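Good morning, and thank you for making time on the agenda. I should like to take you through one structure, beginning with a single residue and working outwards.

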Amino acid sequence: MTFRERSDHAQNHLARSILVLMEQKKSNLCVALDVPTWEEAVRILQEVGEYVVVVKTHFDTFPDWSPARGEQLKKLAALHSFIIVEDRKFGDIGNIIKSQIKAVFGWAQGATMHTICGEGSLEGVRMAVEEASDPSLARGVFLVSELSCAENLISAQYTKKTTELAIQYSSLVTGLVAQNPLLLKEPGFVQLTPGVSSKPGGDNLGQKYVTPRDAVLLKGGDLIVVGRAITQSPDPKDAARKMRNELWNAYAERVSD
Ligand code: 5IU
């Protein structure tokens with residue numbers, strides 16, 4: 001099924017928006033905005049914004065983060081038509097996650113979270129969505145069901161349970177962060193897949209990479225996260241354009257089968 005067809009099956013408003021936007025921008029690229037300074041972040045977004053569907057942030061890595069930065073991000077998102085997802089990987093009890101996600105939803109439409117605290121944390125997300133400043137805006141969470149790093153502690157049982165939670169809370173869940181095709185056959189979920197670089201291998205802190213083509217054709221990734229392969233390239237704009245093309249061609253090949 002194409003992303004456009006799948007958007008009709010999405011139970012979560014943000015999943016629908018992302019699937020439609022992917023088709024409109026002909027892009028399944030999510031850039032990980034992991035750069036040391038805010039100035040560099042803004043410069044990179046101005047260069048790569050047209051090629052990406054989602055910008056994934058770690059707001060707590062910017063030493064000078066403030067609500068004004070969030071407003072600036074929202075303006076850039078509107079200008080270049082991308083969606084902001086904060087990759088904070090929340091993992092607390094419902095009462096805390098509710099406040100954390102509500103704060104992030106002031107400037108981001110999506111957030112990642114661990115499911116270690118179970119149902120209560122998703123009930124917290126439900127309250128955060130209901131209480132968010134503009135409840136009409138599409139919002140949702142990506143559940144971490146698998147990790148890209150070597151020797152991580154997620155078991156097959158944890159992945160299965162996380163998948164079950166995604167189905168149970170499908171109106172709140174945009175998709176899953178995963179390294180392999182999802183266990184569920186619900187076309188409305190977006191599989192977010194990090195750990196992707198044109199040069200397979202990894203880094204010296206356990207990150208493991210697959211190629212863009214493998215991420216889409218073998219690993220089932222829909223929206224592919226690429227960080228340093230773009231942000232540390234001598235020409236981030238050109239790197240993003242090439243990565244967008246490579247990923248979109250792989251997606252086109254997948255749906256033509
Ligand atoms: N990220 C991963 N692996 C994961 C999850 C998130 O790499 O399993 I969940 C994040 C971390 C970083 C980005 O922000 O995706 C990958 O960046 P590089 O492409 O620079 O490795």
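Let us begin with D87, which sits in strand β3. Please keep in mind throughout that this is a predicted model. D87 is buried, because 24 other C-beta atoms lie within 10 Å. Leaving aside residues up to four places away in sequence, D87 touches K56, T57, H58 and T112. The UniProt record, an unreviewed entry, lists D87 under "active site", together with K89 and D92.

D92, from that record's list, is found in the loop between β3 and α5, the latter covering residues 94-104. Is D92 buried or exposed? D92 is partly exposed, since 18 other C-beta atoms fall within 10 Å, and the threshold for a buried residue is 20 or more. The contacts of D92, not counting residues up to four places away in sequence, are I97, Q100, C117 and S121.

I turn now to the strands themselves. Strand β2, residues 54-57, and strand β3, residues 83-90, run parallel and are joined by 4 bridges. Within this pairing, T57 stands opposite E86 in β3. Strand β2 also pairs with β1: 3 bridges join these two strands, again parallel, and A32 stands opposite K56 in β2. On β1 there is a further pairing, with β10, through 3 bridges and in parallel; here V31 stands opposite V226 in β10.

Which way do the side chains of β1 point? L29 and V31 point one way, C30 and A32 point the other way, and all are buried. This is the general behaviour of a regular strand, in which side chains alternate between the two faces of the sheet.

What do these pairings build up to? The strands form a closed barrel of 8, in the order β1-β2-β3-β4-β5-β6-β7-β10, with parallel pairing. From one strand to the next, the twist averages 25°.

Two helices deserve mention in relation to the barrel strands. Helix α2, residues 13-25, lies across β2, β3, β4, β5, β6, β7 and β10, and runs at about 70° to β6. Helix α10, residues 236-256, lies across β1 and β10, running at about 140° to β1.

A residue from another helix may also be of interest. L73 lies in helix α4, which spans residues 67-80. L73 is buried, because 23 other C-beta atoms lie within 10 Å. L73 touches I84 and W107, residues up to four places away in sequence not being counted. A41 is 32 residues from L73 in sequence, and their C-alpha atoms are 9.6 Å apart in space.

Next, the ligand. Which residues come nearest to the ligand? Of the 15 residues around the ligand, these are L147, S148, P194, G227 and R228. Two elements give two or more residues to this shell: β10, residues 223-226, and α9, residues 228-231. By character, the shell residues divide into 8 nonpolar, 4 polar and 3 charged.

The UniProt record, again an unreviewed entry, places the feature "binding site" at D34, K56, S148, Q207, G227 and R228. Let me comment on two of these positions. R228 lies in helix α9 and is partly exposed, because 14 other C-beta atoms lie within 10 Å. Q207 lies in the loop between β8, residues 201-202, and β9. Q207 counts as partly exposed because there are 17 C-beta neighbours inside 10 Å. Beyond residues up to four places away in sequence, Q207 touches S148, C149, G195 and G202. One of these contacts, S148, is itself a listed "binding site" position in the UniProt record.

Finally, V210. Where is V210 found? V210 is in the loop between β9, residues 208-209, and α8, residues 212-217. Why does V210 count as buried? V210 has 20 other C-beta atoms within 10 Å, and a residue counts as buried from 20 upwards, so V210 meets the cut-off. With residues up to four places away in sequence set aside, V210 touches G195, V196, P200, A215 and K219. For the pair V210 and V196, the separation is 14 residues in sequence and 5.0 Å in space, C-alpha to C-alpha. G195, among the contacts of V210, is also touched by Q207.

That concludes the presentation, and I welcome your comments.

Definitions and conventions: Residues are numbered from 1 along each chain as its sequence is written. This is a predicted model: local features need pLDDT of at least 70, side-chain atom pairs count only at pLDDT 80 or more; totals for chains, interfaces and linings use all residues. A residue is near a molecule or strand if its C-beta atom, placed from the backbone, lies within 6 Å of it. Ala, Val, Leu, Ile, Met, Phe, Trp, Tyr, Cys and Pro count as nonpolar, Asp, Glu, Lys and Arg as charged, and the others, Gly among them, as polar. Two strands pair if DSSP finds at least two bridges between them. Axes are lines fitted to C-alpha atoms, for helices over the stretch in contact, and angles run from 0 to 180 degrees between N-to-C directions. Two residues are in contact if their C-beta atoms, placed from the backbone, lie within 7 Å. UniProt positions are given in the numbering used here, feature names are shortened, and annotations may be inferred rather than shown by experiment. A residue is buried if 20 or more other C-beta atoms lie within 10 Å of its own, exposed if 12 or fewer, and partly exposed in between; C-beta atoms are placed from the backbone.
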